[in-house]
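Here is a quick tour of a protein fold, written for someone who has the model open in a viewer. Let's go from the overall layout down to a few individual residues.

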Amino acid sequence: LLQDGARLIVELHNTAFSASCPAHVSLLKALWYHGTDGFRLHEESEDVDWMKRVQVTGRQWEWLGFQSKDPSTDLRAMGIYGLLQLLWLVSHPDARPVWLYVRQCWL
């Protein structure tokens with residue numbers, strides 16, 4: 001079981017983020033949502049299409065802490081595993097204080 005988990009981690013690490021993969025894009029947009037406390041571009045309380053408005057590239061990713069407007073450049077060394085780790089950090093209640101502290105240091 002441990003070996004299976006290790007293989008999965010290696011496989012996810014070796015899987016590059018692809019903007020043409022809907023699952024990868026959904027993970028990235030979930031990172032945006034949780035990393036910004038649900039901030040939606042073009043804030044509208046009943047905007048159910050907000051996820052369509054979050055672009056894969058753009059200046060908003062620099063605000064979130066990425067080095068450029070294209071988060072895939074930061075993810076290339078980590079693969080999807082790194083994206084999953086970031087998503088866990090911003091969405092898991094036990095890790096939330098760490099994320100809030102890190103984000104406070106960037107702002």
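## Overall layout

Starting at the N terminus, the elements read α-α-α-α-α-α-α. The tally is 7 helices and 0 strands. Keep in mind while you look around that this is a predicted model.

Of the 107 residues in the protein, 30% count as buried. The accessible surface adds up to about 7000 Å², and carbon and sulfur atoms own 59% of that. As for how the chain meets itself, take the contacts with a separation of 6 or more: 53% of them join residues 24 or more positions apart.

## Helix 2 and its buried side

Helix 2 covers residues 22-35, which is 14 residues. From its first C-alpha to its last, helix 2 reaches 19 Å, close to the 20 Å expected at 1.5 Å a residue. Which residues of helix 2 are buried? They are His24, Val25, Leu28, Lys29, Leu31, Trp32 and Gly35. These buried positions sit on the same side of helix 2, because the arc they cover around the axis is only 145°.

After helix 2 comes aspartate 37, and its phi is positive, near 55°.

## Histidine 24, a buried residue of helix 2

Let's zoom in on histidine 24, which lies in helix 2. Its relative accessibility is 12%, so histidine 24 counts as buried, the cut-off being under 20%.

What is histidine 24 in contact with, once neighbours within four places in sequence are set aside? The list runs Thr15, Ala16, Phe17, Ser18, Ile80 and Leu83.

## Leucine 87, looking across from helix 6

Now hop over to helix 6, residues 79-91, where you'll find leucine 87. Is leucine 87 buried or exposed? With a relative accessibility of 14%, leucine 87 counts as buried.

Ignoring neighbours within four places in sequence, leucine 87 is in contact with Leu27, Ala30, Leu31 and His34. Leu31 is also one of the buried residues of helix 2. Another residue from that buried set, Gly35, makes a nice long-range pair with leucine 87: they are 52 residues apart in sequence, yet 7.9 Å apart in space, C-alpha to C-alpha.

## Salt bridges

Side chains of opposite charge can pair when their charged atoms come close. How many salt bridges turn up in a search of the whole structure? The search finds 2.

One of them links aspartate 4 to arginine 7, with the closest N and O atoms 2.8 Å apart. Both residues belong to helix 1 (residues 2-13), and they are 3 residues apart, so about one helical turn separates them. Aspartate 4 is partly exposed, at a relative accessible area of 46%, while arginine 7 counts as exposed at 51% relative accessibility.

In the other bridge, glutamate 62 pairs with arginine 59, and here the closest N and O atoms are 2.8 Å apart. Glutamate 62 has 30% relative accessibility, so it counts as partly exposed. Arginine 59 comes in at 57% and counts as exposed.

Key: Residues numbered from 1 in each chain as written. Predicted model: local features only at pLDDT ≥ 70, side-chain atom pairs only at ≥ 80, totals over all residues. Heavy atoms only, no water. Helix = DSSP H or I, 4+ residues; strand = E, 2+ residues; numbered from the N terminus. Expected span 1.5 Å × (residues − 1). Buried < 20%, exposed > 50% of the residue type's maximum accessible area, 1.4 Å probe, protein only. Arc of directions from axis to C-beta. Contact = heavy atoms within 4.5 Å. Areas by Shrake-Rupley, 256 points an atom, 1.4 Å probe, with all protein chains shown as cover. Salt bridge = Lys/Arg side-chain N within 4 Å of Asp/Glu carboxyl O.
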